[in-house]
Amino acid sequence: MKRIHKSAWLLALSSGVLQILIFPLPGLYMLSWVALAPLIFAVLRARESDATELLASEAASYLAPATVKQGFLLGYASGVVWYMGNCYWVYHVMHSYGGLHPVLALLLLILFSLYLGLYHGIFAALVAWAAESKTGFSRRALVLAPFLWVSVELARSYITGFPWDLLGTAQVDNVPLARLASVTGVYGLSFEIALVNAAFAAAFLVPRRKRNSMLAAALIAAVALQSGRWMWPEKFSTTASASLVQQNIPIQQEAWTLPYYEQTLRELGELSASTPKEKVTVPGHTNDAGLIVWPESPAPFFLNDQRFAATVSGIARANNSYVVAGSLGVRMETAENNKGQLYNSAVLIAPDGRVASRYDKVHLVPFGEYVPFKQVLAFAKSLTSEVGNFSAGAQRVPLEIGDKKVGVFICYESVFPGEIRQFAANGAQVFVNISNDGWFGNTGAPLQHLNMARMRAIENERWLLRDTNTGITAVIDPYGRIVQQAARNERVVLQAQYDTVSETTLYTRYGDWFPILCAIISLFGLLFRWRTSASMAEPQPV
């Protein structure tokens, strides 16, 4: 067996770089149509052929498909590069706020990338397996590539629990194309992108006489699909308003002092109360009570703290408004001594000042809100001492705000398509996402996080009110468009105009049926590949 040709390594690494470029920052979304093609081509033309595989006259000009092991290594290299470049903000978070030495923070980023890069490796290994043939490579590999990619994305979502920047998210600004997500979830967009990438790879695998026509077809498909980026359907009408308070509270490295805590509450109370609540009057609709939203906050806003409770209750009464506020909740039976289970919560205060209900965050952030395998990682005290010890909530039930049902989810939860759809399936007519993205600093992560939240609005065709501590605070319509946005890193209030929607999308009703179907097709395609040897293509010189 020959070694992997150096050109295959270069192609795999270039694919990782291209995948970095299609997400913020810099967000060169058009490159998504060719970002995977170099990796797919590299796997199918990875090594010099053995003399036994081809006639001696052809051997010098032919590169054979990778073995499964070689395919994994090529994909793994591509994946590690992508995670290092796309999730470089992990270093910033762990160094600036996790208290880690720069060397240790960099080491953690490398380990993070080495772990999650396995998924790219699995994808490339499966492509190589599909390509195995005594007569060269099978067309089956190219046909299965989009199905395999979506299957691996599904595994990222449910096995590792880190579906950060799924490929389809790169087309969130492409309104006509992105609407496919209301049927298939973001996975349908990933499939479209992977399919066009497979077509580009195929163009360089066919005989030279067919190459130009294949390239032209792939290019036309990419341009046609990308052209929706410049189409802008009419704006939606609005019937309701809300005040999104962007607190812009710095993340304290030292303990909060009582004077600073009280000053912060006082300033936020004045800001929330001083902003006029614009009432939108529409025939047939009533909007007597307003809505004020506070984000997830780095401040120690405990629900059982009388100062915090008095502030948000006073705001609700003074403004005849419901208040949704990020807070730290404890179970009522343990509230007296502030012990027991602690929750990252969104509390709902009614216009009369009482606590109406609350949502406890279900999907916690590993190494942020809890430490997985805490006993095993006991040696990493400098990291684990900075990590919260939260308990997970139990259900995703919308909060009832007057005659509206509002699905409130917190920070990291917005990256999970199959989880957010449960709010709409349970009756939520509008989404509210509260988050503290101040941890990310001025990296590309806040924009990445915003785009994933926008995709949740598209999948369920819901308005999304996104309120963050430092930005990006925005109003997002059911097509995923940002229709209002507050300036970052400022303490401001965004007067949000929105509407409610009661109809449900196919994705809301049936969830991840499409990626599951892709996984089934992939499984059958791989298991029964040997039964269709007659369909395998004769190898051609490149």
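In this predicted model, a search of the whole structure returns 12 salt bridges. The tour begins with several of these.

**Salt bridges**

Select D305 and R307 to begin. Their side chains form a salt bridge in which the closest N and O atoms are 3.3 Å apart. D305 counts as buried at 17% relative accessibility, whereas R307 is partly exposed at 37%. Add E262 to the selection: E262, D305 and R307 are linked in a network of salt bridges.

Next, display R358 and D360, whose closest N and O atoms lie 2.7 Å apart in a salt bridge. R358 is partly exposed, with a relative accessibility of 24%; D360, at 17%, falls under the 20% limit and therefore counts as buried.

Then move to R396 and E419, which meet in a salt bridge of 2.7 Å, N to O. R396 is in the loop between helix 15 (381-384) and strand 8, and E419 is in helix 16, so the pair ties together parts that are 23 residues apart in sequence. R396 is buried at 12% relative accessible area, and E419 counts as buried at 17%.

**The sheet from strand 8 to strand 13**

From R396, proceed to the open sheet whose six strands follow the order 8-9-10-11-12-13, with mixed pairing. Strand 8 (399-401) and strand 13 (482-485) stand at its edges; each has a single partner strand, so one side of each is left without a neighbour in the sheet. From one strand to the next, the twist averages 25 degrees.

Within this sheet, select residues 430-435 and 464-468. These are strand 10 and strand 11, which run parallel and are joined by five bridges. To locate one position in strand 11, pick L465, the bridge partner of V432.

Now show the helices that lie across these strands. Helix 16 (residues 417-425), which holds E419, lies across strand 9 (404-410) and strand 10, at about 165 degrees to strand 9. Helix 17 (residues 445-460) lies across strand 10, strand 11, strand 12 (474-476) and strand 13, and runs at about 160 degrees to strand 11.

**The sheet from strand 7 to strand 14**

Another open sheet has six strands in the order 7-6-5-4-3-14, again with mixed pairing. Its edge strands are strand 7 (355-360) and strand 14 (492-498), each of which pairs on one side only. Neighbouring strands here are turned by 25 degrees against each other on average, direction ignored.

Select residues 240-246 to highlight strand 3, which runs antiparallel to strand 14 and is joined to strand 14 by seven bridges. A242 has A496 of strand 14 as its bridge partner. Then add residues 306-318: this is helix 14, which lies across strand 4 (290-294), strand 5 (321-330) and strand 6 (342-349), at about 165 degrees to strand 5.

**A nonpolar surface patch**

Switch to a surface view and select L104, L106, L107, I110, L111 and L114. Together they form a nonpolar patch with about 480 Å² of accessible area. I110 belongs to helix 6 (residues 102-116) and is partly exposed, with a relative accessible area of 32%.

**The whole protein**

Finally, select everything. The secondary structure comprises 19 helices and 14 strands. Of the 542 residues, 58% count as buried. The protein exposes about 22800 Å², of which carbon and sulfur atoms supply 61%. Among contacts with a separation of 6 or more, 72% are accounted for by residues 24 or more positions apart.

Key: Residues numbered from 1 in each chain as written. Predicted model: local features only at pLDDT ≥ 70, side-chain atom pairs only at ≥ 80, totals over all residues. Heavy atoms only, no water. Pairing = 2+ DSSP bridges. Helix = DSSP H or I, 4+ residues; strand = E, 2+ residues; numbered from the N terminus. Axes fitted to C-alpha atoms, helices over the stretch in contact; angles between N-to-C directions. Contact = heavy atoms within 4.5 Å. Patch = residues over 30% accessible without salt bridge, like charges linked within 9 Å, V, L, I, M, F, W, Y side chains within 5 Å. Areas by Shrake-Rupley, 256 points an atom, 1.4 Å probe, with all protein chains shown as cover. Salt bridge = Lys/Arg side-chain N within 4 Å of Asp/Glu carboxyl O. Buried < 20%, exposed > 50% of the residue type's maximum accessible area, 1.4 Å probe, protein only.
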